[in-house]
Amino acid sequence: GREVLVRGALLPHPAAGRQDNESTQKPASGDQPSTATNAFAFGLTADRPPMFAFDNSEALNRQREGEIASLRRQIAELQNTTAVLEEELLQATTKSEGLETELTEALTALDELRDVEVRHETALEIIGEKDTRIDELMMDIMEMRTAFREQVETLMRQQGGAPGHS
C-alpha cells in the first residue's frame with residue numbers, strides 16, 4: 001500500500017482505499033509521471049494542502065538541525081579531548097626529557113664513581129705496600145738498635161767498664 005510521511009509518521013495514503021483507475025495505473029515506459037504522482041511524492045494531495053508538505057520539510061529541517069547541533073557538540077567534545085590529550089602528551093614528553101637528562105647525569109656519576117673506586121683500590125694497594133715497607137723498615141731499625149747496643153756494650157767491656165758505671 002501507499003503511505004505518506006507526515007510530521008515524522010507514516011500514514012496511509014488517502015487514495016489507497018479507492019480503486020479508481022487513476023490511482024492504480026502506472027505510467028507507461030517513457031511517459032512522464034502524472035502531476036498527481038508528483039504531488040503524491042511531495043505529500044500533496046487533494047485532501048492535503050501544500051502546508052503539510054511544508055510542515056513535513058520543516059520537521060525534517062528541525063531534525064537535521066538537531067543532528068547538526070549534536071554533531072557540533074561531539075566535535076567540540078572531541079576537540080576538548082584532543083586538547084587535553086595534547087597537554088598530557090606534552091607533559092609526558094617534558095617529563096620523559098627530564099628523566100632522560102637525569103638518567104644521563106646518573107650514568108655519568110656512575111662512571112665517575114667507578115673511576116673513583118679504581119683509584120681508591122689503587123691507593124689502598126699502594127698504602128698497603130707502604131705499610132708493609134714501613135713495617136719492614138721498623139723491624140730493620142729495631143734489629144739495628146739491638147745490634148748497635150750489643151756493639152756499644154762489647155766496646156765498653158773491652159775498654160774496661162760496663163755501661164752506666166762512670
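**View 1. A nonpolar surface patch formed by four leucines.** In this predicted model, Leu103, Leu107, Leu110 and Leu113 make a nonpolar patch of about 340 Å² on the surface. One of these residues, Leu107, belongs to helix α3, and its relative accessibility of 45% places Leu107 in the partly exposed class, because that class lies between the 20% limit for buried residues and the 50% limit for exposed ones.

**View 2. A negatively charged surface patch formed by four glutamates.** Glu117, Glu121, Glu125 and Glu129 gather on the surface as a patch of negative charge. Among them, Glu129 is found in helix α3, which covers residues 50-159. Glu129 counts as exposed because its relative accessibility is 56%, and the exposed class requires a value over 50%.

**View 3. The elements of the fold and their order.** The protein contains 3 helices and 2 strands, and when these elements are read along the sequence they follow the pattern β-β-α-α-α. Helix α3, at residues 50-159, is the element in which Glu129 is found, and Leu107 of the nonpolar patch is also located in helix α3.

**View 4. Surface, burial and contacts of the protein.** The accessible surface of the protein comes to about 14,400 Å², and carbon and sulfur atoms account for 57% of that area. Of the 166 residues in the protein, 7% are buried. When contacts between residues at least 6 apart in sequence are considered, 48% of them join residues that are at least 24 apart.

Methods:
Residues are numbered from 1 along each chain as its sequence is written. This is a predicted model: local features need pLDDT of at least 70, side-chain atom pairs count only at pLDDT 80 or more; totals for chains, interfaces and linings use all residues. Side-chain values use heavy atoms; hydrogens and water are left out. Patches are made of residues with over 30% relative accessible area and no salt bridge: like charges are joined within 9 Å, nonpolar side chains (Val, Leu, Ile, Met, Phe, Trp, Tyr) within 5 Å. Accessible areas come from the Shrake-Rupley method with a 1.4 Å probe; for residues, only the protein chains shown count as cover. A salt bridge is a side-chain nitrogen of Lys or Arg within 4 Å of a carboxyl oxygen of Asp or Glu. Lys and Arg count as positive and Asp and Glu as negative; His and the chain ends are not counted. The place of a charge is taken as NZ of Lys, CZ of Arg, CG of Asp or CD of Glu. Buried means under 20% relative accessible area, exposed over 50%, partly exposed in between (1.4 Å probe, protein chains only). Contact means heavy atoms within 4.5 Å.
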